[in-house]
Amino acid sequence: MKGSVAPSDGLEALIRAEIERFHAFVAAWFRGEVERSEDLFRRELSDRLASGLINIQPAGPVLSRDRLVSSLFDGHGANPDFAIEIADVAILGIFENGHVLLGTYLEHQSGARNTTPSENTRRSSVLFRLSSSDRSLTWLHIHETGLPAS
């Protein structure tokens, strides 16, 4: 990929951990296993999303950051059987400036009350900004594509 360099300096592990941590929190939030706290929600989820983030849903709707955050926050405890498993995390490019990363992953959901079917798999891609000061990742763009049931 022109303008990119191979994953190095533990960035692949950092990205994998971020994706897994983010989704683990979402699942725990929907199951109501974590306290319904605006501070916790901000720290674990909304503060990690860029103000201009968009999320392209599997069926095509585009959610703004505010709409995504609101719907996630409102879902606290609404789905006690919800689970997410992350697999096949791959880094597609780390650009030379070290600030923008692109990765893909499979997201398998089970017990999803508001999704048809409730057992589903998505191939997702995410665009991150990497902070050079503390190596934190900010989610800039998420695109989810629903995969056919196997």
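Is Arg135 buried, exposed or partly exposed? With a relative accessible area of 34%, Arg135 is partly exposed, where buried means under 20% relative accessible area, exposed over 50%, and partly exposed in between, computed with a 1.4 Å probe and protein chains only. The structure is a predicted model, in which local features need pLDDT of at least 70 and side-chain atom pairs count only at pLDDT 80 or more, while totals for chains, interfaces and linings use all residues. Residues are numbered from 1 along each chain as its sequence is written, and side-chain values use heavy atoms, with hydrogens and water left out.

Confidence comes before the details. The pLDDT, which is the predictor's confidence in each residue on a scale from 0 to 100, averages 88 over the chain, and 87% of the residues score at least 70. Among the elements of the chain, helix 2 has the highest mean pLDDT, at 98, and strand 1 (residues 4–5) the lowest, at 43. Over residues 1–7 the pLDDT is below 50, although this stretch has 16 contacts in the model beyond near neighbours in sequence; a contact here means heavy atoms within 4.5 Å.

The chain holds three helices and seven strands, which are DSSP runs numbered from the N terminus (H or I with at least four residues for helices, E with at least two for strands). Along the sequence these elements follow the pattern β-α-α-β-β-α-β-β-β-β. Of the 150 residues of the chain, 40% count as buried, and among contacts between residues at least 6 apart in sequence, 56% join residues at least 24 apart.

The interior can be approached through its largest nonpolar core, which has 34 residues, and in which Ile19 and Trp139 have the most contacts. Such a core is a set of buried Ala, Val, Leu, Ile, Met, Phe, Trp, Tyr and Cys residues joined through side-chain atoms within 4.5 Å. The elements that give two or more residues to this core are helix 1 (11–31), helix 2 (38–44), strand 2 (49–56), helix 3 (65–74), strand 4 (83–95), strand 5 (100–110), strand 6 (120–130) and strand 7 (137–146). Helix 1 gives the most, with nine residues. Trp139 itself, leaving out residues up to four places away in sequence, touches a set of residues that includes Glu18, Ile19, Phe22 and His23, together with Leu53, Tyr105 and Phe128.

Beside Trp139 in the sequence, Thr138 is found in strand 7 and is buried, with a relative accessible area of 16%. Leaving aside neighbours within four places in sequence, Thr138 is in contact with Arg48, Leu49, Ala50, Leu127, Phe128 and Arg129.

Several of these partners lead to strand 6. In a regular strand the side chains alternate between the two faces of the sheet. Along strand 6, Asn120, Arg122, Ser124, Val126, Phe128 and Leu130 point to one face and are buried, while Thr121, Arg123, Ser125, Leu127 and Arg129 point to the other and are not. Strand 6 runs antiparallel to strand 5, to which 10 bridges join it, two strands being paired if DSSP finds at least two bridges between them; within this pairing His108 stands opposite Thr121. Strand 6 also pairs with strand 7 in the antiparallel sense, over nine bridges, and there His141 is the bridge partner of Leu127.

Strand 6 and strand 7 form a hairpin with six residues between them, and Arg135 lies in its turn with a positive phi of about 60°. Most residues other than glycine have a negative phi. Asp88, which lies in strand 4, likewise has a positive phi, near 55°.

Helix 3 offers a view of how a helix meets the interior. The buried residues of helix 3 are Arg65, Leu68, Val69, Leu72 and Phe73. They cover an arc of only 125° around the axis, which puts them on the same side of helix 3, the arc being that of the directions from the helix axis to the C-beta atoms. The face turned away from that buried side carries the exposed residues Asp66, Arg67 and Asp74. The buried residues of helix 3 pack against helix 1, helix 2, strand 2 and strand 3 (62–64).

In strand 3 is Leu63, which counts as buried at 8% relative accessibility. Not counting residues up to four places away in sequence, Leu63 touches Leu53, Ile54, Asn55, Gln57 and Leu68.
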